[in-house]
Amino acid sequence: MASNATAASCPKPMKATSNGVFQGDNPLDYSLPLAIIQIVLVIVLTRILALLLRPLRQPRVIAEIVGGILLGPSALGRNTHYLNSIFPARSLTVLDTLANLGLLFFLFLVGLELDLKSLRQTGNKALSIAVAGISLPFVLGIGVSFVLRKTISEGVKEAPFLVFMGVALSITAFPVLARILAELKLLTTDVGRMAMSAAAVNDVAAWILLALAIALSGTGHSPLTSLWVLLSGAGFIICCVAIIPPVFKWMTHRCPQGEPVNEMYVCATLATVLAAGFCTDSIGIHALFGAFVIGILVPKEGPFAGALVEKVEDLVSGLFLPLYFVSSGLKTNIATIHGAQSWGLLVLIISTACFGKIVGTVVVSLLCKIPIREAITLGFLMNTKGLVELIVLNIGKDRKVLNDQTFAVCVLMAIFTTFITTPIVIAVYKPAKQAIIADYKHRTIERKDPDTQLRILSCFHSTWNIPTLINLIEASRGTEKRQGLCVYALHLMELSERTSAILMVHKARKNGLPFWNKLRQSDTNQVVVAFEAFRQLNRVFIRPMTAISAMHDMHEDICTSAERKRAAMIILPFHKHQRLDGTLETTRNEFRWVNKRVLEHSPCSVGILVDRGFGGGTHVSASNVSSTVTVLFFGGHDDREALAYGARMAEHPGISLIIVHFIPSNDIMGQMVKVDITDESSISSESADKTFLASFKKSSDNNSIKFEERPVNSAKEIVEIVKEFSRCNLFVVGRMPVGPVAAALTEKAEYPELGPVGNLLTSNGFTTSASVLVVQQYNGSTTSQLSSSSSTKIVELPEDDSETG
């Protein structure tokens, strides 16, 4: 009888692969095809939920937690046929193993992005907020645990239950908080910096408390067992600190910048992570702690840490980690919460969690003289829960510290507290909207007083853009009598769904913020050194800045920065770069849409730079500059702006300016007689063109400026004339030329953002090595309203105070 009972309770182990449906096998009876179905199902469901929740600006972790619950017994799992087919009991061991393996490497990545050196430099305000944000909810969590033990959690061990509930209520999910701040464009605001710093301290404290909770939850009857677990864990950390860093430093030194990291080092590191996980699991803490410790000890300098993230992150975050949410969802049965008492306890736990975090944070923030709105915002931000909360609850469930009902209540608490964060922060925290600056008068290069200071916001995607950018700045300096040139060099970086991308903003700062991500610090250093050297040598005010945002709203950061810096022109790189054979190859098509949106919403003039190596692949010193700039003038405000910029370049002693004015021939003029010429706007534009060109005709005897008038009959003649000047170094053209000659350029434009002339100069049929700058003049109709809808601040370099603009 005993053997029969055992056979009934223990399902048969599953074989790995089937022989196929044609031989009568059901793939769902075998572990590999079943695991594939489970993985695909969870990825599809969580991604769909993430898309549905995106309008609500919810972090992806909400979709993943909810997706896991929907797949479990709370929703779809109510259908026993589905549950027994897709998630049968005999498959859960494989599922949990894969989920925990993914979680193991995810915690390694979390540790990899934690810089303990910068954590030591956390300010007193952030430290006080972190301590208050942990201690008050921890104490309240212990108080709630006494209520739960008398109601829905009878019979559980007292000490570990108290600690688990305290930790569950006091945690702040750092990765989720960073994602919310990034989505709301608050990462570099004072509130964002304070929240990130406090959350960093909170995160480390939570892991220490969790280790204590796990040690106390052991099955041993002697209290000495828990003591041995803690001492062994401390010994493990000491051994790792003594042995691991020198080995990793040796690996880092053998991975020079710019060269691929040796695969052997990557494999050795991943094997070390697994070995550390085995050690901590053997000790009785949890395998996750070993991986987390190894991640912390990997040196952050050099390319090695970045290579580890690149190789591990996508597979772990995209494939294995969602399985952990399913594993958690299968343990969550909301149906266990029934009756007034259970729902009342859910309200109690949510209220206690919110009260402890928010009140504790707000009170200490006010004592630190933080304004009330920002203090309340900090309170709700620190109340964010997420994956770490789920880890704590699952460990408690596995250790039988939390029963089904308590587990389900705490999971719902985590979802609710995280879900309310974004809408409440949007409602409460409304930074002072910077009104259009009264003295923001010069939104174009063409102006009545050309001696006033010229401000340019020049954007770049990578270090490859920098030589041409610096050479263009050198050419734009003007004469000494002018008030000078002020350039803001804005590095555009994409904020992707990847966890590591959230923290990129902190690598651009030098004030020791916790979790300052140095994974790609070398790139930033190269940018700073290049611009700082140019500034000192050429007496040009130039400030590197970094904007990190999602592609769909990157144009907002660009336009807002231009308005705040009172720029007269934004210069954007074209979305294509030149290959060695001279053809243009797409860098990223998304940048094309960014350029289009900037053209629509810009608060000033815009230039799109098609880079063919203006000035060569390196920075050319002022004394060695020898370039020819050609302005193709047809007519209209864009062409006048292009000519105004070209005229400024002509002031440089090493630059010659050629102005080619296309005028209609008698044949075209004869045809124009038949057309209604009473359009006032075209008449006024033509009058402005004549007035503007008159000064250049007078100065054509100047050695640096050559003025030519070319009558043309057709588009073919225009192309032939332009080819005569194809040996110049830079073409500067208007985006939308007007007039009878421009009307002849009727060929459909492949890139509307470049206009007809820009398309001609970048077409495959036009051979030239000259770069092209396509200019659109600000005309007042595209006034940006983005400053009122975006509160983003852009990180600036290289000053130590990391002034934000």
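Q: Why does K706 count as partly exposed?
A: In this predicted model, K706 has a relative accessibility of 46%. Buried means under 20% and exposed means over 50%. The value for K706 falls in between, so K706 counts as partly exposed.

Q: What makes the pair K706 and E708 a salt bridge?
A: The closest N to O distance between their side chains is 3.2 Å. The cut-off is 4 Å, from a Lys or Arg nitrogen to an Asp or Glu carboxyl oxygen. The pair is within that limit, so it is called a salt bridge.

Q: Why is E708 called buried?
A: Its relative accessible area is 14%. Buried means under 20%, so E708 qualifies.

Q: What joins E708 to R710?
A: A salt bridge does, with N and O atoms 3.1 Å apart at the closest. Salt bridges that share partners then link K706, E708, R710 and E724 into one network.

Q: How many salt bridges does the structure hold?
A: It holds 12. One of them is formed by the side chains of E446 and R640, at 3.6 Å from N to O.

Q: Why does the pair E446 and R640 tie together parts that are apart in sequence?
A: E446 sits in the loop between α18 (404–428) and β1 (454–460). R640 belongs to helix α24 (residues 637–650). The two parts are 194 residues apart in sequence, so the pair ties them together.

Q: E446 and R640: why does one count as partly exposed and the other as buried?
A: E446 has 23% relative accessibility. Buried needs a value under 20%, so E446 counts as partly exposed. R640 has 10%, so R640 counts as buried.

Q: Why is helix α13 said to be largely enclosed by the rest of the structure?
A: The helix covers residues 287–297, and 11 of the 11 are buried. Therefore α13 is largely enclosed. Its buried residues include L288, F289, F292, I294 and L297. In the protein, 56% of the 805 residues count as buried.

Q: Why is T336 called buried?
A: Its relative accessible area is 18%. The limit is under 20%, so T336 counts as buried. T336 lies in the loop between α14 (303–331) and α15 (339–367).

Q: What does T336 contact beyond its neighbours within four places in sequence?
A: T336 is in contact with S342, D404, Q405 and A408. Q405 is 69 residues away along the chain, yet the C-alpha atoms of T336 and Q405 are separated by 5.4 Å. The side chain of T336 also reaches the backbone oxygen of N333, at 2.6 Å.

Q: What makes the nonpolar surface patch of about 540 Å²?
A: L32, I36, V40, V44, I48 and L52 make the patch. V40 is in helix α2 (residues 31–53). Patch residues need over 30% relative accessible area. V40 has 44%, so V40 passes that cut-off.

Q: How do you know that a side-chain atom of S85 makes a polar contact with H81?
A: A polar atom of the S85 side chain lies 2.7 Å from the backbone oxygen of H81. The limit for a polar contact is 3.5 Å, so the distance fits. S85 is part of helix α4 (residues 80–86), and S85 touches L28 and L34.

Q: What is the pLDDT of the protein on average?
A: The average is 81, and 82% of the residues score at least 70. Over residues 782–793 the pLDDT is below 50. Residues 795–805 also stay under 50.

Note on methods. Residues are numbered from 1 along each chain as its sequence is written. This is a predicted model: local features need pLDDT of at least 70, side-chain atom pairs count only at pLDDT 80 or more; totals for chains, interfaces and linings use all residues. Side-chain values use heavy atoms; hydrogens and water are left out. Buried means under 20% relative accessible area, exposed over 50%, partly exposed in between (1.4 Å probe, protein chains only). Helices (H or I, at least four residues) and strands (E, at least two) are DSSP runs, numbered from the N terminus. pLDDT is the predictor's confidence in each residue, from 0 to 100. Contact means heavy atoms within 4.5 Å. A polar contact is a pair of N or O atoms within 3.5 Å; within protein, one must be able to donate a hydrogen and the other to accept it, and residues adjacent in sequence count only if both atoms are side-chain atoms. Patches are made of residues with over 30% relative accessible area and no salt bridge: like charges are joined within 9 Å, nonpolar side chains (Val, Leu, Ile, Met, Phe, Trp, Tyr) within 5 Å. Accessible areas come from the Shrake-Rupley method with a 1.4 Å probe; for residues, only the protein chains shown count as cover.
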